[in-house]
Amino acid sequence: MFPNLEAEMARCKITQSCIASLLGVTPTTLSFKLNGKSPISLKECTKIKNEFFPDKTLDYLFATESDQKEAS
């Protein structure tokens, strides 16, 4: 759902478990949020960005696949 976030996580070797721990949710809950099965809040997005990717923008990290298709 968020290909840029997934790519940055892979580059920095950050697991979903690390992010889930930061947010205080289970890895399963985080997986649902990242796959669009549950909503992810702006507060959660900001927390992920600030902790793990301070040099990236929210727009970049949380661009969806449909956002990228529209930009093409």
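**Exercise 1. Classify Phe-52: is this residue of the predicted model buried, partly exposed or exposed?**

Step 1: Look up the relative accessible area of Phe-52, which is 23%.

Step 2: Recall the cut-offs: buried means under 20%, and exposed means over 50%.

Step 3: With 23%, Phe-52 falls in between, so the label is partly exposed.

Step 4: Now try Phe-53. Its relative accessible area is 1%, so this residue is buried.

**Exercise 2. Find out how many aromatic pairs the structure holds, and name the type of each.**

Step 1: Start with the count. There are two aromatic pairs.

Step 2: Take Phe-2 and Phe-62. Their ring centres sit 5.4 Å apart and their planes meet at 80°, so this is an edge-to-face pair.

Step 3: Check where these two partners come from. Phe-2 belongs to the segment before α1 (3-12), while Phe-62 is in the loop between α5 (58-61) and α6 (65-71). They are 60 residues apart, so the pair links distant parts of the chain.

Step 4: See how covered the partners are. Phe-2 is buried at a relative accessible area of 8%, and Phe-62 is buried at 11%.

Step 5: Turn to Phe-52 and Phe-53. Here the centres are 6.3 Å apart with 55° between the planes, and the pair is tilted.

**Exercise 3. Work out how many disulfides the structure holds, and check Cys-12 and Cys-18.**

Step 1: The count is zero disulfides.

Step 2: Try Cys-12. The nearest cysteine sulfur is that of Cys-18, and the gap is 11 Å.

Step 3: Compare that with the cut-off. A disulfide needs two cysteine sulfur atoms within 2.5 Å, so at 11 Å Cys-12 is in no disulfide.

Step 4: Go the other way. For Cys-18 the nearest cysteine sulfur is that of Cys-12, again 11 Å away, and Cys-18 is in no disulfide.

Step 5: Add the surroundings. Cys-12 is partly exposed at 42% relative accessible area, and Cys-18 is partly exposed at 37%.

**Exercise 4. Decide which residues of α1 are buried and how they are arranged around the axis.**

Step 1: List the buried ones: Asn-4, Leu-5, Glu-8 and Met-9.

Step 2: Look at how they spread. They cover an arc of only 135° around the axis, so they share the same side of α1.

Step 3: Flip to the face turned away from that buried side, where you'll meet the exposed residues Ala-10 and Arg-11.

Step 4: Carry on just past the end of α1, where Lys-13 takes a positive phi of about 55°.

**Exercise 5. Do the same for helix α3 (residues 27-34), then say what covers its buried residues.**

Step 1: The buried residues of α3 are Leu-30, Lys-33 and Leu-34.

Step 2: Viewed down the axis, these fall within an arc of 95°, so they line one face of α3.

Step 3: Look for the cover. It includes α1, α2 (16-23) and α4.

Step 4: Check what follows α3. That's Gly-36, with a positive phi near 80°.

**Exercise 6. Place Glu-44: where is it, is it buried or exposed, and what does it touch?**

Step 1: Glu-44 lies in helix α4 (residues 42-52).

Step 2: Its relative accessible area is 14%, so Glu-44 counts as buried.

Step 3: Leaving aside residues up to four places away in sequence, Glu-44 touches Leu-23, Lys-33 and Pro-39.

**Exercise 7. Trace the largest nonpolar core: how many residues does it have, and which touch the most other members?**

Step 1: The core has 15 residues.

Step 2: Those touching the most other members are Leu-5, Ile-19, Ile-40, Ile-48, Phe-53 and Phe-62.

Step 3: Ask who supplies the core. α1, α2, α3 and α4 each give at least two residues, and α2 gives the most, with three.

Step 4: Follow Leu-5, which sits in helix α1 and is buried at 1% relative accessibility. Beyond residues up to four places away in sequence, Leu-5 touches Leu-34, Ile-48, Phe-53, Leu-61 and Phe-62.

Step 5: Finish with Ile-48. Under the same sequence limit, its contacts are Leu-5, Ile-19, Leu-22, Leu-23, Ile-40, Phe-53 and Phe-62.

Note on methods. Residues numbered from 1 in each chain as written. Predicted model: local features only at pLDDT ≥ 70, side-chain atom pairs only at ≥ 80, totals over all residues. Heavy atoms only, no water. Phe/Tyr/Trp six-rings, centres within 6.5 Å; stacked < 30°, edge-to-face > 60°. Helix = DSSP H or I, 4+ residues; strand = E, 2+ residues; numbered from the N terminus. Buried < 20%, exposed > 50% of the residue type's maximum accessible area, 1.4 Å probe, protein only. Arc of directions from axis to C-beta. Contact = heavy atoms within 4.5 Å. Core = buried A, V, L, I, M, F, W, Y, C linked by side-chain atoms within 4.5 Å.
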